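Colleague: Could you take me through this one slowly? I keep wondering what earns each label.

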Amino acid sequence: MLETDVIVVGAGPAGSMSAIQLRNYGLTVLVLEEHSTIGKPLHCSGLVTPRTLESAGLDHSLVLNEIKGAEIFVGDVKPLVLGNEVTRALVIDRVAFDKYLANQAVLNGAQLNLGHRVTHIENTPSGTTVVHANQKTFSSRILFGCDGWRSKVSSHLGNTKKDLIWCYGGEGVVPNHPKDTVRVYLDAEIAPNWFGWTIPIDNKRIRIGIGTTFGSPERKPIHLFNKLLKQYPTHFEGLNITSLSGGFIPLYTPQVIESRNSLLIGDAASHAKPTSGGGIYTALEGAKTAAKTAYQALSSTQAGSIQLNSYHSAWSKTLGKELVRGSELRKVFMDLQSNNQLPTVINTLSIKPLKKMVHNYGDIDYPSALVNPILRAASAMIGPALQLSKMSRASLPLKRFVSQLASQK
Ligand SMILES: Cc1cc2nc3c(=O)[nH]c(=O)nc-3n(C[C@H](O)[C@H](O)[C@H](O)COP(=O)(O)OP(=O)(O)OC[C@H]3O[C@@H](n4cnc5c(N)ncnc54)[C@H](O)[C@@H]3O)c2cc1C
């Protein structure tokens with residue numbers, strides 16, 4: 001059996017970027033992908049920041065639309081309208097994006113085996129890993145788990161806990177959606193513990209979706225999706241849905257992401273952002289950190305004594321830190337949503353100076369950058385408006401949030 005330096009399981013953004021980087025370091029790489037076509041089936045809205053394209057090394061050729069603003073709806077209050085002339089996000093052709101990255105990996109010298117579903121993983125006494133796929137066995141010194149939210153490699157590392165957002169949505173044609181603005185729906189009845197969204201692809205086409213956590217049968221995303229359409233009839237008048245599917249987003253939860261000779265990257269590591277569910281940027285950046293760790297480990301040690309334990313600490317110093325903060329913000333959001341406090345927050349954020357702050361500091365990849373300035377400025381306005389009596393059952397993060405507001409007055 002021929003041994004490779006690194007076997008990468010999965011050819012999504014995490015896997016292909018890992019392969020590109022590992023090849024740049026001169027390592028031998030085999031990518032095993034279960035599907036016969038890269039990028040399909042598609043479960044993504046394809047909304048990314050301009051820095052994500054930079055991180056992927058891509059120009060604007062796969063950009064379908066530029067997003068400059070957002071309209072945020074909840075209950076009967078006036079929507080919060082954000083945005084100016086600055087492009088905040090890009091709508092990309094996600095299938096073409098994945099294909100581009102996989103192609104780059106192959107051009108860089110990685111071997112890509114399509115139609116190879118990894119079914120079994122073994123660690124040998126000599127320290128190598130043996131992977132079974134398509135009734136064949138492959139062996140490597142290091143294993144990269146880039147195999148998405150249902151990761152086999154993650155299970156092999158002993159992870160069991162996930163914070164999954166269950167999504168349902170697709171694409172459609174609608175006559176009157178603003179072309180450069182996304183719409184976000186925060187109503188607890190429509191999207192408990194998450195939100196609904198529409199993203200314009202061009203003048204007519206939109207991507208539309210809803211997400212929630214697991215709950216009662218009536219909380220199935222398909223029912224919530226229909227509720228969204230009913231609750232905002234003017235937004236969806238004349239909507240012609242052209243495709244629909246479900247999907248899962250593994251929001252950041254602390255996991256074992258490294259072992260003696262394996263690393264987890266992207267969704268396999270539960271690295272989707274807890275505030276937006278975006279996981280492409282974190283997958284690309286995680287791949288870069290992981291590839292560097294693997295290269296350093298292989299060049300500084302003898303076979304059988306590989307040291308991969310700098311991955312977690314390197315990741316924690318960069319985007320990992322942001323994911324932890326995002327996770328706290330998500331808890332606050334869920335408390336505000338379940339306590340029906342979001343209309344108050346939306347009203348408060350509509351005030352001009354606060355809106356300006358959102359424009360200045362708002363960043364989908366680094367949402368925590370906005371929190372401190374907003375907390376400082378909003379404390380006097382938002383603190384008294386939140387009805388503390390309704391929050392008797394509110395969990396710790398919300399209480400911390402409110403007391404933070406109070407202490408900053
Ligand atoms: C409805 C929805 C909308 C989303 N919208 C956005 C968005 O707008 N912006 C954004 O940034 N993110 C979005 N995301 C999240 C984003 O899609 C993921 O975070 C991203 O795809 C993670 O990349 P990855 O490479 O880690 O995993 P994936 O893209 O899931 O790739 C994993 C790959 O591994 C393969 N694989 C799995 N198991 C095996 C196996 N056993 N053997 C071999 N191969 C295997 C799969 O076939 C797949 O190709 C969305 C997710 C959903 C569900």
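Modeller: Sure, one term to begin with: a polar contact is a pair of N or O atoms within 3.5 Å; within protein, one must be able to donate a hydrogen and the other to accept it, and residues adjacent in sequence count only if both atoms are side-chain atoms. Keep in mind that this is a predicted model, where local features need pLDDT of at least 70 and side-chain atom pairs pLDDT 80 or more, while totals for chains, interfaces and linings use all residues. Residues are numbered from 1 along each chain as its sequence is written, and side-chain values use heavy atoms, with hydrogens and water left out.

Colleague: What makes glycine 46 a polar contact of the ligand?

Modeller: A polar backbone atom of glycine 46 is 3.3 Å from an oxygen atom of the ligand, so that pair fits the limit. Histidine 35 uses a polar side-chain atom instead, 2.9 Å from a ligand oxygen. For glycine 279, a polar backbone atom is 3.1 Å from a nitrogen atom of the ligand. The protein covers 87% of the 1000 Å² of accessible area that the ligand has on its own (Shrake-Rupley method, 1.4 Å probe; for residues, only the protein chains shown count as cover).

Colleague: Which residues come nearest to the ligand?

Modeller: Glu33, Leu47, Arg94, Val118 and Asp267, out of 33 around it; a residue is near if one of its heavy atoms lies within 4 Å. The shell splits into 14 nonpolar, 13 polar and six charged residues (Ala, Val, Leu, Ile, Met, Phe, Trp, Tyr, Cys and Pro are nonpolar, Asp, Glu, Lys and Arg charged, the others, Gly among them, polar). Strand S16 (240-251) gives the largest share, three residues; strands are DSSP runs of E, at least two residues, and helices runs of H or I, at least four, numbered from the N terminus.

Colleague: Why is the pair aspartate 98 and arginine 94 called a salt bridge?

Modeller: The rule asks for a side-chain nitrogen of Lys or Arg within 4 Å of a carboxyl oxygen of Asp or Glu. Here the N to O distance is 2.8 Å, so the name fits. Both residues lie in helix H3 (residues 94-107), four residues apart, about one turn. The structure holds twelve salt bridges.

Colleague: How do you know that glutamate 171 touches Ile201?

Modeller: Contact means heavy atoms within 4.5 Å. Glutamate 171, in strand S12 (residues 163-173), touches Ile201 and also, among others, Arg205 and Ile241, not counting residues up to four places away in sequence. Its side chain also joins that of arginine 207 in a polar contact of 3.3 Å.

Colleague: What makes the bond between lysine 40 and proline 41 cis?

Modeller: Omega is about 0° there. Proline 41 sits in the loop between strands S2 (29-32) and S3 (47-48). Most peptide bonds are trans, and most residues other than glycine have a negative phi. Asparagine 193, though, has a positive phi of about 70°, and phi of asparagine 340 is near 55°.
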